[in-house]
Amino acid sequence: MILQRMTSYSWIRSETEKQRYSLLCRSTLFGLILALMGISPSRWLRVPARLYTDLFRGLPSILTILLIGQGLARFSYQLFGPTPYPLGIFALSLIASAYMGEIFRSGIQSVEQGQMEACRALGMSYGRAMRLVIIPQGIRRVLPAIVNQFIAIIKDSSLVYLLGL
C-alpha cells in the first residue's frame, strides 16, 4: 500500500513538486554512480567520470540550462510538446549529479582504510564490503552536504524560467 502510494506520486501535490522530486532522485542516483566510477581503479571508468564532473561543475548553471534548453529544443518539442521544463530538469540533473558525485566520492574516501581491511579479513568481497560497510558510512558522513546540495538544486530550479521566455 505504501509502495503503491509512493510510486504513483499521489502524495505529491503539484506538478512542480513531482519535477523537483524526480530531479533530486535522478541527481542522487547519477551522483552515486559517478562517485563509484571516480574511485574505481580502472582508468576507463575514472577518466570519464572526472571529465564529466569537471565539465559540469565548471560551467555556470545558467549556461548549461540555456545550452541544453535551446540546443535540444527541437527534439524536445516532438517528445514533450511546447513545455521547456523537461529539458530544464535534464540540465539541472546533469549539473546536480556532478556535484553529488563529488560529495559522495569525498564521503566514501573519508572512510578509513582499516574498514576495508577489516571487511577483507572477514572474507567479504570488494563489492560486498563497499555495499554493506563503506558506502553507508560515507553517506552518513556527507548528509549535511547532500541536504545543502538539495537546497541549491531547488534554488537553481528558478533558472529554468529563462527557457520559457
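Buried means under 20% relative accessible area, exposed means over 50%, and partly exposed is anything in between, with a 1.4 Å probe and protein chains only. Keep those cut-offs at hand for this tour.

This is a predicted model, in which local features need pLDDT of at least 70, side-chain atom pairs count only at pLDDT 80 or more, and totals for chains, interfaces and linings use all residues. Residues are numbered from 1 along each chain as its sequence is written, and side-chain values use heavy atoms, with hydrogens and water left out.

**Stop 1: Glu112 and Arg141**

Select Glu112, which is partly exposed at 44% relative accessible area. Add Arg141, also partly exposed, at 39%. Their side chains meet in a salt bridge with an N to O distance of 3.3 Å; the term stands for a side-chain nitrogen of Lys or Arg within 4 Å of a carboxyl oxygen of Asp or Glu. Glu112 sits in the loop between H6 and helix H7 (113-121), while Arg141 belongs to helix H8 (residues 126-141), so the pair ties together parts that are 29 residues apart in sequence. Helices here are DSSP runs (H or I, at least four residues), numbered from the N terminus.

**Stop 2: the salt-bridge network**

How many salt bridges does the rule give? The count is five. Next, pick Glu102 and Arg50, whose closest N and O atoms are 3.1 Å apart in a salt bridge. Glu102 lies in helix H6 and Arg50 in helix H3 (residues 43-58), so this pair links parts that are 52 residues apart in sequence. Glu102 is buried, at 12% relative accessible area, whereas Arg50 is partly exposed, at 35%.

Now add Arg105, which forms a salt bridge with Glu102 at 2.8 Å between the closest N and O atoms. Both residues are in helix H6, three residues apart, about one turn of the helix.

**Stop 3: around Arg105**

Stay on Arg105 and show all of helix H6 (residues 85-110), where it is placed. Is Arg105 buried or exposed? With 18% relative accessibility, Arg105 counts as buried. Set aside neighbours within four places in sequence, and Arg105 is in contact (heavy atoms within 4.5 Å) with Ala35, Ile39 and Arg50. For a distance check, try the C-alpha atoms of Arg105 and Ile95: these residues are ten apart along the chain, and the separation is 16 Å.

**Stop 4: a nonpolar surface patch**

Select Ile62, Leu63, Leu66, Leu67, Tyr161 and Leu162, which form a nonpolar patch on the surface with about 520 Å² of accessible area together. Patches take residues with over 30% relative accessible area and no salt bridge, joining like charges within 9 Å and nonpolar side chains (Val, Leu, Ile, Met, Phe, Trp, Tyr) within 5 Å. The areas come from the Shrake-Rupley method with a 1.4 Å probe, and for residues only the protein chains shown count as cover. Leu63 is in helix H4 (residues 61-71) and is partly exposed, at 37%.

**Stop 5: Tyr77**

Move to Tyr77 in helix H5 (residues 73-80). Tyr77 is exposed, at 53% relative accessibility. Its C-alpha is 18 Å from that of Gln19, with their positions 58 residues apart in sequence.

**Stop 6: the cysteines**

Finish with Cys25, partly exposed at 38%, and Cys119, buried at 5%. With a disulfide taken as a pair of cysteine sulfur atoms within 2.5 Å, the count is zero.

How values were computed
Helices (H or I, at least four residues) and strands (E, at least two) are DSSP runs, numbered from the N terminus.
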